[in-house]
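Visitor: I should like to go through this structure with you, one question at a time. Please explain the reasoning behind each reply.

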Amino acid sequence: MPKGQFLKNFRLSNVFILLIIVFISCALLICINFFTIKILSANRAYVNGESHYSKGQKDASRHLITYLYTKEPDQWKLYTEELKVPQGDGIARKTLLAVGDNQVARQGFITGRNHKDDIDDIVWLFVNFKNISFLAKAIHEWEEGDNLIDELFVIGTQINAKIKYNVLTTTDQQEFLSQISNISDKLTINERNFSNTLGEGTRKIKSLLIIANIIFILIIILSVCSYYSIMVKRLLASKKEIEIKNEDLIVVNRELDRFVYSASHDLRSPITSLKGLIEITQLEDDIDQIKDYLRLMYQSLAKQDQFLNDIIDYSKNKRKQVIIEPVNLSELFDEAISQLMHIENANKITFTQELLVDQIQSDGFRLKIIISNLISNAIKYADTSKEEMFITIKTYAADDYKIEITDNGIGISDEFKDSIFEMYFGTNKNKGSGLGLYIVKEAVENIKGNISVCSESTIGSKFTVTIPKPHGI
């Protein structure tokens, strides 16, 4: 996968993960707040129920004491009615512990004067949190209170029996009063402990839920900020990419204008020369002179053919995708040399190859363009005044692959060194189209390499091409 595509997919996956985190955090936040409200509502219902429990117990004790001394049947009736309040809660507790949620437990809470709209929350909290420390402790206090209510019921039954059979004495009254008071005191402690335990548990839950809310809100905020940061970076990167593309487009348009202008001139020039030579030849009778004209015609056509080949290479280099494959350098050098032997003075040049590296991984098409153009230039700009003309080709590997093509040609003047890779630049237009080194530089850049030149006028030139090794080699 190309690096750009990988980074794009990586950014998209990061955005997707952030959106999932925000969605999950929001969902959990909603759930937490829902259960927070439900738990706090249930605790409020329990506290409210405890107040009815306590009031019912105290009113029952008061009516029983009054009945103990007045023996009025209405007081007994009131006593039994008020005692049903804590008894109903006790039935609900025992049922929930034994069999869970059912109609008997719910009816017990209704008898305990709990509001019908609170029953669901009361039952839900009991069933789901009965083993949690704070509620387990409250249920234990509740159980002890129910045991004391049972004792109060037994005492009430005993008092009622003695009054019915008219055997209640003053001593009995004092004993019963003492027992009722003792039970009431114990119940008050139990009821207070029950309320305190629930209050403490509620405060702990509240603190934990506040912390959880803060954590999830921070997660959401950080995720949204990260998402915003990524989107801003993507927008800035997109803007920068557009600016770079615009700059590239301006450069391409400028090169295209120059290319069209120069190409039209270079295409017409050989045709014009050829037409002129043909017209002269038609008027000439000297065979030797005609041969000279034919030689000039051939050179003109060869120049145009080379120019057309350069245009084709330029187009392919721009459009063809880079393909990394095994490349045999010796084959490319031999092929290039054999195809360039038609150039003037090529057969007078000594070619030497020192290939320390032959098989490499790179783009074969672009390497062919690079090698062919560099050797062609070295042949065209050979120094015919020297007794021995040579071109040395060397390859080796350091951190990257290196190709060196050295000649003892006419060299490059210092004033031209910075311009030799520009489109249509040439120190001698008769030697070439001015596209060769420009295409070489484009091809080298396409394979992520670089090219450098070391040259001295009248001494010669050395071009060094650096080709990066593919990852893992």
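Visitor: How many helices and strands does the secondary structure of the chain come to?
Guide: This is a predicted model, and the answer refers to its secondary structure. The count for the chain is 10 helices and 7 strands.

Visitor: What percentage of the residues in the chain is buried?
Guide: The chain has 473 residues. A residue is called buried when its relative accessible area is under 20%. By that cut-off, the buried share of the chain is 40%.

Visitor: Among contacts between residues at least 6 apart in sequence, what percentage joins residues at least 24 apart?
Guide: One example of a pair far apart along the chain is I21 and S223, which are 202 residues apart, with their C-alpha atoms separated by 7.1 Å. I21 lies in helix α1 and touches I219 as well as S223. For the chain, the share of such contacts joining residues at least 24 apart is 75%.

Visitor: What distance between end C-alpha atoms should the 17 residues of helix α9 span?
Guide: Helix α9 covers residues 364-380. The expected span is 1.5 Å times one less than the number of residues. The end C-alpha atoms are 24 Å apart in the model, which agrees with the expected value of 24 Å.

Visitor: Which residue caps the N-terminal end of α9?
Guide: The helix is mostly covered, with 15 of its 17 residues buried. At its N-terminal end, a side-chain oxygen lies 3.2 Å from the backbone nitrogen of F365. The residue that supplies this oxygen is D363.

Visitor: E404 is buried yet has no salt bridge; what is the nearest side chain of opposite charge?
Guide: E404 lies in strand β5, and its side chain makes a polar contact of 2.9 Å with the side chain of Y396. A salt bridge requires the nitrogen and the carboxyl oxygen to be within 4 Å. The nearest side chain of opposite charge is 4.2 Å away, and it belongs to K462.

Visitor: Which side chain is joined to that of S461 by a polar contact?
Guide: S461 lies in strand β7 and is buried, with a relative accessible area of 6%. Its contacts beyond four places in sequence include I405, T406, D407 and C454. The polar contact has a length of 2.7 Å, and the partner is S455.

Visitor: How many salt bridges does a search of the whole structure find?
Guide: One of them joins the side chains of K38 and D121, at 3.2 Å from N to O. That pair links distant parts of the chain, with K38 in helix α1 and D121 in helix α4, 83 residues apart. In the whole structure, the number of salt bridges is 16.

Visitor: Why are D59 and K55 separated by about one helical turn?
Guide: The side chains of D59 and K55 meet in a salt bridge of 2.8 Å. D59 is buried because its relative accessibility is 13%, whereas K55 is partly exposed at 48%. An α-helix has 3.6 residues a turn, so residues three or four places apart point the same way. D59 and K55 are both in helix α1, and their separation of about one turn follows from a spacing of 4 residues.

Visitor: With which residue does K441 form a salt bridge?
Guide: K441 is partly exposed, at 31% relative accessibility. The closest N and O atoms of the pair are 2.4 Å apart. Both residues lie in helix α10, 4 residues apart, and the partner of K441 is E445.

Visitor: What is the phi of R113, a residue other than glycine?
Guide: Most residues other than glycine have a negative phi. R113 is placed in the loop between α3 and α4, and it counts as partly exposed because its relative accessibility is 37%. Its phi is positive, near 65 degrees.

Visitor: Is N345 buried or exposed?
Guide: N345 has a positive phi of about 75 degrees although it is not a glycine. Its place is in the loop between α8 and β2. Its relative accessible area is 19%, and the cut-off is under 20%, so N345 is buried.

Terms used: Residues numbered from 1 in each chain as written. Predicted model: local features only at pLDDT ≥ 70, side-chain atom pairs only at ≥ 80, totals over all residues. Heavy atoms only, no water. Helix = DSSP H or I, 4+ residues; strand = E, 2+ residues; numbered from the N terminus. Buried < 20%, exposed > 50% of the residue type's maximum accessible area, 1.4 Å probe, protein only. Lys, Arg positive; Asp, Glu negative; His and termini not counted. Polar contact = N/O pair within 3.5 Å; in protein donor to acceptor, adjacent residues only side chain to side chain. Contact = heavy atoms within 4.5 Å.
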